Amino acid sequence: MAKTTWAVDASHSEIGFSAKHMMFTTVRGSFKKFEATVTADPEDLSTAEIDFTIDVASVDTRNEDRDNHLRSGDFFDVENYPTITFKATEIKTTGEHEYDMTGDVTIHGVTKPVTFHVAYQGTGKNPWGAEVAGFEATATISRKDFGLTYNAALETGGVLISDQVKLNLEIQASKQA
């Protein structure tokens, strides 16, 4: 397949995250608004050009108070840093349809390299005849690396929020004409 442009279908995709709460439970959330530019041969991502932009205000953890706190200056500070961005800088093949994709992630005004493990899930025609491709990507980041240091000590020891945040992307993209 030739290298072409693909549009991410947000209604069939998810950018999710999870972090430990109180050291022993997992809280999950996602970002509802995002866009991406992908120019790639989905069968060989090693030469892909990938850019993502996430609207941080669209954070959703199914708890309005928590979501508002995440939008505040204690965390994302959406007034000053309304987006999270990703731009792929290097993609290495690690197996059949599997890759390590490193790119520059900018969160809260701080840019750091992050490596995602990416798996190509396949292509097919959707019910409207458009060619679509599926991908899964995972990574783990340190909140502190991006200046997200808010936390609270627990009286039983430990902290309220883990430093490590797991990222999980489920992406469906449609081939553009």
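# Exercises on loops, rings and salt bridges

Met23 sits in the loop between β2 and β3. The model to which this residue belongs is predicted. Each exercise below is followed by a worked solution.

## Exercise 1. Met23 and His97

State the sign of phi for Met23 and for His97, and classify the accessibility of Met23 and of His97.

*Solution.*

Step 1. The general expectation comes first: most residues other than glycine have a negative phi.

Step 2. For Met23, phi is near 75 degrees, a positive value in a residue other than glycine. For His97, phi is near 60 degrees, again a positive value in a non-glycine residue.

Step 3. Met23 has been placed in the loop between β2 and β3. His97 belongs to the loop between β7 (83-95) and β8 (98-107).

Step 4. The exposed class begins over 50% relative accessible area. Met23 has a relative accessibility of 51% and therefore counts as exposed. His97 has a relative accessible area of 23%, so it is partly exposed.

## Exercise 2. The surface around Met22

Identify the residues that form a nonpolar patch on the surface together with Met22, and locate Met22 in the chain.

*Solution.*

Step 1. The patch consists of Met22, Met23, Phe24 and Val159. Together these residues have about 380 Å² of accessible area.

Step 2. Met22 is found in the loop between β2 (14-21) and β3 (25-31).

Step 3. The relative accessibility of Met22 is 31%, so this residue counts as partly exposed.

## Exercise 3. Ser18 in strand β2

Is Ser18 buried or exposed, and which residues does Ser18 touch beyond those up to four places away in sequence?

*Solution.*

Step 1. Ser18 is part of strand β2.

Step 2. Buried means under 20% relative accessible area. The value for Ser18 is 9%, so Ser18 is buried.

Step 3. Once residues up to four places away in sequence are set aside, Ser18 touches Thr26, Val27 and Arg28, as well as Gln164, Val165 and Lys166.

Step 4. Two of the strands concerned can be placed by their residue ranges: β3 spans 25-31, and β11 spans residues 161-175.

## Exercise 4. Aromatic pairs

Count the aromatic pairs in the structure, and explain why the pair of Tyr120 and Phe135 is assigned its geometry.

*Solution.*

Step 1. There are five aromatic pairs.

Step 2. The ring centres of Tyr120 and Phe135 are 5.7 Å apart, and the ring planes stand at 45 degrees. Planes under 30 degrees apart count as stacked and those over 60 as edge-to-face, with the rest counted as tilted. The pair of Tyr120 and Phe135 is therefore tilted.

Step 3. This pair links distant parts of the chain, with Tyr120 in strand β9 (residues 110-125) and Phe135 in strand β10 (residues 131-142), 15 residues apart.

Step 4. Both Tyr120 and Phe135 are buried.

Step 5. Ring pairs also join Phe17, Phe31 and Phe76 into a cluster.

## Exercise 5. Salt bridges between separate parts of the chain

How many salt bridges are there, and which parts of the chain are tied together by the pair of Lys3 and Glu49?

*Solution.*

Step 1. The count is five salt bridges. Three of them are treated in the steps that follow.

Step 2. Lys3 and Glu49 meet through their side chains, at 3.2 Å from N to O. Lys3 lies in the segment before β1 (4-8) and Glu49 in strand β5 (residues 44-55), so this salt bridge ties together parts that are 46 residues apart in sequence. Lys3, at 38% relative accessible area, is partly exposed, and Glu49, at 46%, is also partly exposed.

Step 3. Lys87 forms a salt bridge with Asp51, with 3.5 Å between the closest N and O atoms. Here strand β7, which holds Lys87, is linked to strand β5, which holds Asp51, and the two residues are 36 residues apart. Lys87 is partly exposed at 47%, as is Asp51 at 27%.

Step 4. Glu131 and Lys175 form a salt bridge in which the closest N and O atoms are 3.7 Å apart. Glu131 in strand β10 and Lys175 in strand β11 (residues 161-175) are 44 residues apart. Glu131 is buried, with a relative accessible area of 18%, whereas Lys175 is partly exposed at 32%.

## Exercise 6. The annotated region

Give the secondary structure content over residues 5-174, and state which UniProt annotation covers these residues.

*Solution.*

Step 1. According to the unreviewed UniProt entry, the annotation "domain: Lipid/polyisoprenoid-binding YceI-like" covers residues 5-174.

Step 2. Over residues 5-174 the chain is 62% strand and 5% helix.

Step 3. The end C-alpha atoms of this region are 9 Å apart.

Definitions and conventions: Residues numbered from 1 in each chain as written. Predicted model: local features only at pLDDT ≥ 70, side-chain atom pairs only at ≥ 80, totals over all residues. Heavy atoms only, no water. Phe/Tyr/Trp six-rings, centres within 6.5 Å; stacked < 30°, edge-to-face > 60°. Helix = DSSP H or I, 4+ residues; strand = E, 2+ residues; numbered from the N terminus. Buried < 20%, exposed > 50% of the residue type's maximum accessible area, 1.4 Å probe, protein only. UniProt positions renumbered as here; feature names shortened; annotations may be inferred. Patch = residues over 30% accessible without salt bridge, like charges linked within 9 Å, V, L, I, M, F, W, Y side chains within 5 Å. Areas by Shrake-Rupley, 256 points an atom, 1.4 Å probe, with all protein chains shown as cover. Salt bridge = Lys/Arg side-chain N within 4 Å of Asp/Glu carboxyl O. Contact = heavy atoms within 4.5 Å.
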